Amino acid sequence: MRNHLSVIFLPTNKCNVNCEYCFEDKTDDRMTHDQLSAVINKLLDFMEEGDIGGLTLHWQGGEIMTMPAEWFETAYELINKLASARGRYIDHGLQTNMIGYTPLWNDIIARMFGNSVGTSMDYPNLYRKLFRGGPDDYSRIWTRNIQAARAAGIGVGVISVPNRATLELGAEPFYSFFVDELGITDFQVNTPFPGGEGNTTKEALALENEALSRFFIDLTDIWVERGYHEGVKLGPIDQLVAHFSGEQSRLPCIWQSNCVDEFISIDARGFVAQCDCWVTSYPEYFFGNIFEWDSLSELLKSSPARKEFVERPLAIIDQDCIECDYLSMCHGGCPVRTYTIKHTLLEKDPYCYLYKSLFRHTEGVAARLAGREFLPAELRRARVNNGKAKSCGSSSKANGAQGLADFAPDADAGPNRTAQGGALG
Ligand code: SF4
Ligand code: SF4
Ligand code: SF4
């Protein structure tokens with residue numbers, strides 16, 4: 001954890017809809033204000049201990065809007081009071097399915113959540129469903145509610161997960177649906193994974209890497225042509241292009257040196273785990289229960305499950321990723337995607353092929369946008385090797401050049417060290 005703490009916070013494990021691909025094992029648990037105070041105090045203790053100045057609470061569920069908006073009025077006051085008494089800063093983000101949205105939420109969304117919400121929708125929608133009603137009913141209510149929220153001045157960002165039908169239709173209809181039809185200018189595409197209890201939908205969920213790569217690459221090109229200059233945000237593609245352009249960027253958690261250094265998640269029962277994917281689905285990977293420990297740092301330090309996450313990059317990099325040109329930005333990818341598809345933490349992310357293709361393509365896009373020549377990594381390596389061969393054969397000076405070139409393997413080991421730093425940090 002660095003000087004800012006991020007907590008994915010689930011004050012309720014209950015949801016008001018019935019998505020077929022949901023990874024959460026939902027319960028009726030919901031936090032009281034007293035329990036919330038206890039959690040916030042332990043987070044503030046943790047921040048004081050680690051000299052951490054700020055905390056972002058990413059509020060979600062279950063579904064957050066199964067709780068009344070008034071609960072958040074009281075929660076917001078309470079959190080502000082506790083934080084300011086300890087000289088710390090806490091801010092808030094909101095992720096909701098928007099199915100239960102009414103204008104009663106507008107005031108607290110404006111004051112507590114910076115007048116913006118994150119929500120989810122797929123195109124086409126196959127799996128997001130109401131308890132009584134199919135995907136079309138869900139999509140209709142969702143569209144009506146996000147339009148109402150936007151009319152009230154609320155910024156709406158969308159996370160979308162491609163499915164087989166998305167890939168069959170291709171990237172153009174997908175982009176047009178969100179940007180042209182709905183007017184969404186901030187969306188993010190996540191890869192699917194079969195988390196939680198199995199069902200037939202989840203069996204078919206993981207998508208074939210090559211088709212998914214084509215989709216992401218086409219989407220990148222459409223975004224460059226139609227969205228880049230218009231300020232459309234399309235994660236993680238826009239962040240990759242920014243990264244390769246040498247601009248400030250925020251790559252998603254799947255490509256952090258180790259997500260264990262970035263987040264924890266706490267659910268309505270007080271369980272602590274890596275993120276929402278784990279805290280709602282995999283009790284064997286819970287780090288502990290915050291209500292049962294006096295100190296969050298002791299809980300984290302004592303957790304064998306967390307130790308596995310900490311050790312993951314080192315374990316997989318040597319066996320799977322050491323030769324990869326993109327190791328320093330990918331670090332082996334996401335633990336939960338690995339676990340749900342490979343049933344172990346200790347392998348690289350099964351979307352490796354997609355990531356490499358996307359890294360290579362967005363690196364080329366960044367070079368093109370900057371008017372630079374772009375050489376894919378394998379050609380860059382070939383040029384270096386070619387150079388080495390020539391130098392070796394020419395003179396003793398050239399041997400000196402060879403000597404400098406001998407540092408190349410050390411340079412390659414850099415990302416490995418970075419990953420270790422991340423893992424041990
Ligand atoms: S995916 Fe989200 S909205 Fe859908 S059932 Fe699961 S928790 Fe609810
Ligand atoms: S397990 Fe995957 S989704 Fe969860 S925080 Fe880590 S990288 Fe992100
Ligand atoms: S792209 Fe693949 S090989 Fe490269 S670091 Fe990521 S998971 Fe490992």
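Start with ligand 1 and pick out the shell around it: the residues there divide into 4 nonpolar, 3 polar and 2 charged. In that split, Ala, Val, Leu, Ile, Met, Phe, Trp, Tyr, Cys and Pro count as nonpolar, Asp, Glu, Lys and Arg as charged, and the others, Gly among them, as polar. To see the shell itself, select Cys15, Val17, Asn18, Cys19, Cys22, Glu24, Gly62, Glu63 and Asn97. A residue belongs here if its C-beta atom, placed from the backbone, lies within 6 Å of the molecule.

Before moving on, know that this is a predicted model, where local features need pLDDT of at least 70, side-chain atom pairs count only at pLDDT 80 or more, and totals for chains, interfaces and linings use all residues. Residues are numbered from 1 along each chain as its sequence is written, while chains are lettered from A and ligands numbered from 1 in the order in which they are written.

Next, ligand 3. It is surrounded by 13 residues, and the closest are Cys321, Cys324, Cys330, Lys348 and Cys352. Which helix gives the most to this shell? Helix 15 does, with 3 residues. Colour helix 12 (304–321), helix 13 (327–330) and helix 15 (352–369), since each supplies at least two residues of the shell. (Helices are DSSP runs of H or I, at least four residues; strands are runs of E, at least two; both are numbered from the N terminus.) The shell around ligand 3 has 7 nonpolar, 2 polar and 4 charged residues.

Keep helix 15 selected and add helix 9 (residues 237–244): the two pack at an angle of about 60°, with their axes 8 Å apart. Axes are lines fitted to C-alpha atoms, for helices over the stretch in contact, and angles run from 0 to 180 degrees between N-to-C directions. That angle makes helix 9 oblique to helix 15; under 35 degrees counts as roughly parallel, over 145 as roughly antiparallel, 65 to 115 as roughly perpendicular and the rest as oblique. For the contact, show Ile237, Leu240, Val241 and Phe244 of helix 9 against Leu358, Phe359, Thr362, Glu363, Val365 and Ala366 of helix 15. Two residues are in contact if their C-beta atoms, placed from the backbone, lie within 7 Å. The tally for this contact is 8 nonpolar, 1 polar and 1 charged.

Just before helix 9, zoom in on proline 236, in the loop between strand 7 (233–235) and helix 9. A cis peptide bond joins glycine 235 to proline 236, with omega about 0°. There's another cis bond between tyrosine 123 and proline 124, where omega is about -10°; proline 124 is in the loop between strand 4 (116–120) and helix 4 (135–151).

Now jump to helix 1 (residues 33–49) and helix 2 (residues 69–85), whose axes come within 10 Å and cross at roughly 30°. Helix 1 and helix 2 are therefore roughly parallel to each other. Select His33, Leu36, Ser37, Ile40, Asn41 and Leu44 in helix 1, which meet Thr74, Ala75, Leu78, Ile79, Leu82 and Ala83 in helix 2. This contact divides into 8 nonpolar, 4 polar and no charged residues.

Last stop: aspartate 51, in the loop between helix 1 and strand 2 (54–59). Its phi is near 55°, a positive value in a residue other than glycine. Buried or exposed? Aspartate 51 is exposed, with 7 other C-beta atoms within 10 Å. The cut-offs are 20 or more other C-beta atoms within 10 Å for buried, 12 or fewer for exposed, and partly exposed in between, with C-beta atoms placed from the backbone.
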